[in-house]
Amino acid sequence: MEDHDKVYSFTISLPEWEPTIPTLWSAVKEFTAAHPEYVQPHNAMDFLSNDGGKTYNLCHFWSNFEIADMDFWRTEAYQAFFDFLEAKGGFYYERWGDAPVHSIAAALFARRDQIHFFRDVGYRHDPFQHCPSGEEWEAGRCACDPKDTFDYHENSCLRKFEALFS
């Protein structure tokens, strides 16, 4: 990841359960309106929103398997964002989890090309699985069935992520 200037990586992406985060997106919009200097111009907003940021489509990178550059979490942007969210109380009174918060931060404060999908790394966390296919499956000598993968399931957000690069 360091060799390719990546700051965040994942294997599974899906929508968050909306009742757990009813006020998260309004807090995100409030923060970005107050701090536009932190929003990366070449961000991945299109992964998070289908309408330019007015609403949150609930897509997030599942944090059960994530690898991140710790320096990214130490940036002024992320620290200010986290402190702002903590002051809002959603970690305590709702269920703002690490997955949507990390995903939103990575998508807004990193360049879209700094986020990496580990296509070649298999990972299972019931009931979801990412299983490599083709050459990646063969090279990794994967034990999973490449036909049994969540990647292009109707509830997967991977297509949204891949659309950022088309």
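A residue counts as buried under 20% relative accessible area, as exposed over 50%, and as partly exposed in between. With that scale in mind, this briefing looks at a few residues of a predicted model, beginning with Glu136, which counts as partly exposed because its relative accessibility is 31%. The points below then turn to backbone geometry and to the surroundings of Phe65 and Asn43.

**A charged patch on the surface**

- Glu136 belongs to helix H7, which covers residues 134-140, and together with Asp120, Glu135 and Glu138 this residue gathers in a patch of negative charge on the surface.

**Backbone geometry that departs from the general pattern**

- Most residues other than glycine have a negative phi, and most peptide bonds are trans, which is the background for the next three points.
- Asp5 is not a glycine and yet has a positive phi of about 60°; this residue lies in the segment before strand E1, which spans 8-10, and because its relative accessibility is 37%, Asp5 counts as partly exposed.
- Leu58, likewise a residue other than glycine, has a positive phi near 80°; Leu58 sits in the loop that runs between helix H2 (45-48) and E3, and with a relative accessible area of 13% it is therefore counted as buried.
- The peptide bond leading from Asp126 to Pro127 is cis, with an omega near 10°, and Pro127 itself is placed in the loop between strand E6 (123-125) and strand E7 (128-130).

**Phe65 and its contacts**

- Phe65 is located in the loop that joins strand E3 (59-61) and strand E4 (66-68).
- When neighbours within four places in sequence are left aside, Phe65 is in contact with Ser9, Phe10 and Thr11, and also with Phe118, Val121 and Tyr123.
- Gln40 stands 25 residues from Phe65 along the chain, and the C-alpha atoms of these two residues are separated by 24 Å.

**Asn43 and its contacts**

- Asn43 lies in the loop between helix H1 (24-34) and H2, and its relative accessibility of 12% is the reason why Asn43 counts as buried.
- Not counting residues up to four places away in sequence, Asn43 touches Ala107, Leu108, Ala110 and Arg112.

Key:
Residues are numbered from 1 along each chain as its sequence is written. This is a predicted model: local features need pLDDT of at least 70, side-chain atom pairs count only at pLDDT 80 or more; totals for chains, interfaces and linings use all residues. Side-chain values use heavy atoms; hydrogens and water are left out. Patches are made of residues with over 30% relative accessible area and no salt bridge: like charges are joined within 9 Å, nonpolar side chains (Val, Leu, Ile, Met, Phe, Trp, Tyr) within 5 Å. Accessible areas come from the Shrake-Rupley method with a 1.4 Å probe; for residues, only the protein chains shown count as cover. A salt bridge is a side-chain nitrogen of Lys or Arg within 4 Å of a carboxyl oxygen of Asp or Glu. Lys and Arg count as positive and Asp and Glu as negative; His and the chain ends are not counted. The place of a charge is taken as NZ of Lys, CZ of Arg, CG of Asp or CD of Glu. Helices (H or I, at least four residues) and strands (E, at least two) are DSSP runs, numbered from the N terminus. Buried means under 20% relative accessible area, exposed over 50%, partly exposed in between (1.4 Å probe, protein chains only). Contact means heavy atoms within 4.5 Å.
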